[in-house]
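Please open the model in your viewer and keep the sequence panel beside it, since this tour moves from one selection to the next.

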Amino acid sequence: GGASGDVRFDINVGSQNSQGFSAMNPSQNNLVNPDKDGIRNQYASGSLEKRLSPDLVIGTRFNFSDAKIDTDSDSDTATDVGRYFKKTQQLGAYVKWVINPSWTSTLNLNHSEFDAKDTKNGQIFENGFGAYWQNGRMNGRQIALEWSNSYEFDKNTQAVFGAERVNGKYKASGNSPYNTNRESAGYFVGLTHQIDRLTLQTNLRHDSIN
(Lines give C-alpha, C1' and ligand atoms only; values in the text may rest on other atoms or scores of the structure.)
Protein backbone atom coordinates (compact mmCIF):
# COMPACT_ATOMS: atom_id res chain seq x y z
CA GLY A 1 0.00 0.00 0.00
CA GLY A 2 0.95 3.63 -0.23
CA ALA A 3 -0.04 7.13 -1.30
CA SER A 4 0.69 9.54 -4.12
CA GLY A 5 -0.67 13.02 -3.75
CA ASP A 6 -4.41 12.77 -3.11
CA VAL A 7 -4.56 9.05 -3.96
CA ARG A 8 -4.13 6.18 -1.50
CA PHE A 9 -4.08 2.49 -2.36
CA ASP A 10 -3.74 -0.88 -0.64
CA ILE A 11 -3.62 -4.46 -1.87
CA ASN A 12 -3.25 -7.79 -0.04
CA VAL A 13 -2.95 -11.34 -1.38
CA GLY A 14 -2.41 -14.55 0.52
CA SER A 15 -2.87 -18.27 0.83
CA GLN A 16 -3.72 -20.25 3.96
CA ASN A 17 -3.20 -24.01 4.10
CA SER A 18 -3.70 -26.52 6.89
CA GLN A 19 -3.24 -30.29 6.73
CA GLY A 20 -5.81 -30.60 9.50
CA PHE A 21 -7.05 -33.84 11.05
CA SER A 22 -9.96 -36.18 10.41
CA ALA A 23 -13.22 -34.22 10.73
CA MET A 24 -14.84 -37.27 12.37
CA ASN A 25 -13.19 -39.72 14.75
CA PRO A 26 -12.70 -43.06 12.91
CA SER A 27 -12.46 -44.89 16.25
CA GLN A 28 -16.09 -43.90 16.91
CA ASN A 29 -17.31 -44.59 13.38
CA ASN A 30 -15.37 -47.15 11.34
CA LEU A 31 -17.11 -46.04 8.14
CA VAL A 32 -15.33 -42.66 8.22
CA ASN A 33 -12.32 -42.08 6.01
CA PRO A 34 -9.43 -41.69 8.49
CA ASP A 35 -7.47 -39.32 6.21
CA LYS A 36 -6.64 -35.77 7.31
CA ASP A 37 -9.27 -33.18 6.38
CA GLY A 38 -7.45 -30.00 5.56
CA ILE A 39 -8.32 -26.46 4.51
CA ARG A 40 -6.96 -24.31 1.69
CA ASN A 41 -7.97 -20.69 1.26
CA GLN A 42 -6.60 -18.23 -1.29
CA TYR A 43 -7.65 -14.61 -1.01
CA ALA A 44 -7.07 -11.06 -2.21
CA SER A 45 -8.33 -7.65 -1.18
CA GLY A 46 -7.61 -4.07 -2.10
CA SER A 47 -8.79 -0.48 -2.00
CA LEU A 48 -8.29 2.75 -3.92
CA GLU A 49 -9.18 6.15 -2.46
CA LYS A 50 -8.98 9.69 -3.81
CA ARG A 51 -9.43 12.92 -1.87
CA LEU A 52 -11.29 15.38 -4.10
CA SER A 53 -11.17 18.20 -1.54
CA PRO A 54 -10.31 18.62 2.14
CA ASP A 55 -13.89 17.60 2.96
CA LEU A 56 -14.70 14.97 0.30
CA VAL A 57 -13.24 11.49 -0.32
CA ILE A 58 -14.34 8.81 -2.79
CA GLY A 59 -13.09 5.23 -2.88
CA THR A 60 -13.56 1.66 -4.02
CA ARG A 61 -12.60 -1.69 -2.52
CA PHE A 62 -12.78 -5.40 -3.31
CA ASN A 63 -12.47 -8.76 -1.57
CA PHE A 64 -12.12 -12.23 -3.09
CA SER A 65 -11.61 -15.68 -1.60
CA ASP A 66 -11.48 -19.23 -2.96
CA ALA A 67 -11.67 -21.98 -0.34
CA LYS A 68 -11.56 -25.79 -0.35
CA ILE A 69 -12.45 -27.77 2.78
CA ASP A 70 -12.13 -31.55 3.17
CA THR A 71 -15.08 -33.10 5.02
CA ASP A 72 -16.39 -36.34 6.56
CA SER A 73 -19.98 -37.54 6.92
CA ASP A 74 -21.68 -40.22 8.95
CA SER A 75 -23.05 -41.63 5.68
CA ASP A 76 -19.55 -42.14 4.21
CA THR A 77 -17.54 -45.28 3.67
CA ALA A 78 -13.90 -45.61 4.69
CA THR A 79 -12.75 -44.64 1.18
CA ASP A 80 -15.13 -41.73 0.46
CA VAL A 81 -13.59 -38.30 -0.08
CA GLY A 82 -15.78 -35.29 0.72
CA ARG A 83 -14.88 -31.75 -0.32
CA TYR A 84 -16.64 -28.42 0.01
CA PHE A 85 -15.73 -25.51 -2.28
CA LYS A 86 -16.72 -21.89 -1.77
CA LYS A 87 -15.90 -18.72 -3.70
CA THR A 88 -16.88 -15.26 -2.45
CA GLN A 89 -16.33 -11.85 -3.98
CA GLN A 90 -17.30 -8.33 -3.03
CA LEU A 91 -16.97 -5.00 -4.82
CA GLY A 92 -17.86 -1.73 -3.17
CA ALA A 93 -17.70 2.04 -3.56
CA TYR A 94 -18.08 4.81 -1.01
CA VAL A 95 -18.24 8.57 -0.56
CA LYS A 96 -17.17 10.23 2.70
CA TRP A 97 -18.16 13.86 3.24
CA VAL A 98 -17.19 16.08 6.16
CA ILE A 99 -20.24 18.35 6.17
CA ASN A 100 -18.89 20.47 9.01
CA PRO A 101 -16.37 19.97 11.84
CA SER A 102 -19.04 18.14 13.87
CA TRP A 103 -20.78 16.07 11.18
CA THR A 104 -19.32 13.36 8.93
CA SER A 105 -21.52 11.42 6.50
CA THR A 106 -20.63 8.24 4.54
CA LEU A 107 -22.51 6.52 1.71
CA ASN A 108 -21.56 2.88 0.93
CA LEU A 109 -22.66 0.71 -2.01
CA ASN A 110 -21.61 -2.97 -1.98
CA HIS A 111 -22.21 -5.88 -4.35
CA SER A 112 -21.31 -9.39 -3.14
CA GLU A 113 -21.63 -12.91 -4.56
CA PHE A 114 -20.92 -16.45 -3.38
CA ASP A 115 -20.87 -19.83 -5.07
CA ALA A 116 -20.57 -23.10 -3.12
CA LYS A 117 -20.31 -26.77 -4.11
CA ASP A 118 -20.61 -29.83 -1.83
CA THR A 119 -19.10 -32.99 -3.32
CA LYS A 120 -18.41 -36.64 -2.57
CA ASN A 121 -15.79 -38.45 -4.65
CA GLY A 122 -15.85 -35.55 -7.10
CA GLN A 123 -19.63 -35.69 -7.63
CA ILE A 124 -21.87 -32.77 -6.66
CA PHE A 125 -24.84 -33.67 -4.44
CA GLU A 126 -27.88 -33.45 -6.72
CA ASN A 127 -31.46 -34.78 -6.65
CA GLY A 128 -31.49 -38.37 -5.42
CA PHE A 129 -27.82 -38.35 -4.42
CA GLY A 130 -26.99 -37.95 -0.74
CA ALA A 131 -29.15 -37.26 2.30
CA TYR A 132 -32.64 -35.83 1.82
CA TRP A 133 -31.58 -32.43 3.17
CA GLN A 134 -28.40 -31.98 1.13
CA ASN A 135 -27.95 -29.35 -1.56
CA GLY A 136 -24.86 -29.75 -3.69
CA ARG A 137 -24.85 -26.31 -5.29
CA MET A 138 -25.65 -22.99 -3.66
CA ASN A 139 -25.13 -19.45 -4.88
CA GLY A 140 -26.36 -15.97 -4.18
CA ARG A 141 -25.81 -12.29 -4.74
CA GLN A 142 -26.54 -9.26 -2.62
CA ILE A 143 -26.61 -5.49 -3.14
CA ALA A 144 -26.43 -3.28 -0.05
CA LEU A 145 -26.73 0.51 0.22
CA GLU A 146 -25.87 2.13 3.56
CA TRP A 147 -25.90 5.74 4.70
CA SER A 148 -24.16 6.33 8.04
CA ASN A 149 -23.39 9.48 10.00
CA SER A 150 -21.49 10.57 13.06
CA TYR A 151 -22.21 13.85 14.84
CA GLU A 152 -20.32 15.37 17.75
CA PHE A 153 -22.37 17.70 19.91
CA ASP A 154 -19.35 18.39 22.12
CA LYS A 155 -16.23 16.53 23.30
CA ASN A 156 -18.34 14.40 25.66
CA THR A 157 -21.42 13.70 23.52
CA GLN A 158 -21.51 11.92 20.15
CA ALA A 159 -24.33 10.50 18.04
CA VAL A 160 -24.50 8.02 15.16
CA PHE A 161 -27.46 7.56 12.82
CA GLY A 162 -28.25 6.17 9.40
CA ALA A 163 -30.20 3.76 7.23
CA GLU A 164 -29.56 0.79 4.96
CA ARG A 165 -31.30 -1.29 2.32
CA VAL A 166 -30.28 -4.80 1.21
CA ASN A 167 -31.56 -6.87 -1.72
CA GLY A 168 -30.49 -10.50 -2.04
CA LYS A 169 -31.17 -13.45 -4.37
CA TYR A 170 -30.29 -17.01 -3.30
CA LYS A 171 -30.55 -20.37 -5.06
CA ALA A 172 -29.78 -23.98 -4.17
CA SER A 173 -30.08 -27.27 -6.06
CA GLY A 174 -30.12 -30.78 -4.66
CA ASN A 175 -32.52 -32.69 -2.41
CA SER A 176 -33.86 -29.52 -0.74
CA PRO A 177 -33.80 -26.96 -3.58
CA TYR A 178 -34.91 -23.37 -3.16
CA ASN A 179 -34.93 -20.11 -5.09
CA THR A 180 -35.70 -17.06 -3.01
CA ASN A 181 -35.38 -13.29 -2.84
CA ARG A 182 -34.95 -11.28 0.33
CA GLU A 183 -35.27 -7.55 0.87
CA SER A 184 -34.51 -5.73 4.10
CA ALA A 185 -34.58 -2.11 5.16
CA GLY A 186 -33.44 -0.65 8.42
CA TYR A 187 -32.48 2.48 10.27
CA PHE A 188 -30.51 3.14 13.43
CA VAL A 189 -29.57 5.86 15.89
CA GLY A 190 -27.24 5.87 18.86
CA LEU A 191 -26.02 8.32 21.48
CA THR A 192 -22.90 8.17 23.66
CA HIS A 193 -22.15 10.51 26.57
CA GLN A 194 -19.05 10.63 28.77
CA ILE A 195 -19.29 11.68 32.42
CA ASP A 196 -15.82 11.63 33.95
CA ARG A 197 -14.93 7.89 33.91
CA LEU A 198 -18.50 6.77 33.22
CA THR A 199 -19.74 6.20 29.66
CA LEU A 200 -23.48 6.14 28.95
CA GLN A 201 -24.77 4.74 25.69
CA THR A 202 -28.19 4.14 24.18
CA ASN A 203 -29.02 2.66 20.75
CA LEU A 204 -32.11 2.02 18.68
CA ARG A 205 -32.39 -0.05 15.50
CA HIS A 206 -35.40 -1.15 13.45
CA ASP A 207 -35.36 -3.65 10.56
CA SER A 208 -38.04 -4.87 8.18
CA ILE A 209 -37.30 -8.09 6.24
CA ASN A 210 -39.38 -9.51 3.38
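In this predicted model, begin by selecting N33, which counts as buried because its relative accessible area is 9%, under the 20% cut-off. If you then colour by secondary structure, you will find N33 in the loop that runs between β2 (7–21) and β3 (37–53).

Next, display the surroundings of N33. Apart from neighbours within four places in sequence, the residues in contact with N33 are S22, D72, T77, A78, T79, D80 and V81. Which backbone atoms should you look for around the side chain of N33? One is the backbone nitrogen of D35, which the side chain of N33 reaches at 3.0 Å, and another is the backbone oxygen of D80, which lies 2.9 Å from a polar atom of that side chain.

Before leaving this loop, draw a C-alpha to C-alpha distance from N33 to F64: the two residues are 31 residues apart in sequence and 31 Å apart in space.

Now move along the chain and select strand β8 (residues 135–154) together with strand β9 (residues 157–174), which run antiparallel and are joined by 18 bridges. The two strands form a hairpin, with two residues between β8 and β9, and if you pick out I143 you can follow its bridge to N167, its partner in β9.

Finally, keep β9 selected and add strand β10 (residues 178–195), with which β9 pairs in the antiparallel sense over 16 bridges. Here the hairpin joining β9 to β10 passes through three residues, and Y170 can be seen standing opposite T180 in β10.

Conventions: Residues numbered from 1 in each chain as written. Predicted model: local features only at pLDDT ≥ 70, side-chain atom pairs only at ≥ 80, totals over all residues. Heavy atoms only, no water. Helix = DSSP H or I, 4+ residues; strand = E, 2+ residues; numbered from the N terminus. Buried < 20%, exposed > 50% of the residue type's maximum accessible area, 1.4 Å probe, protein only. Contact = heavy atoms within 4.5 Å. Polar contact = N/O pair within 3.5 Å; in protein donor to acceptor, adjacent residues only side chain to side chain. Pairing = 2+ DSSP bridges.
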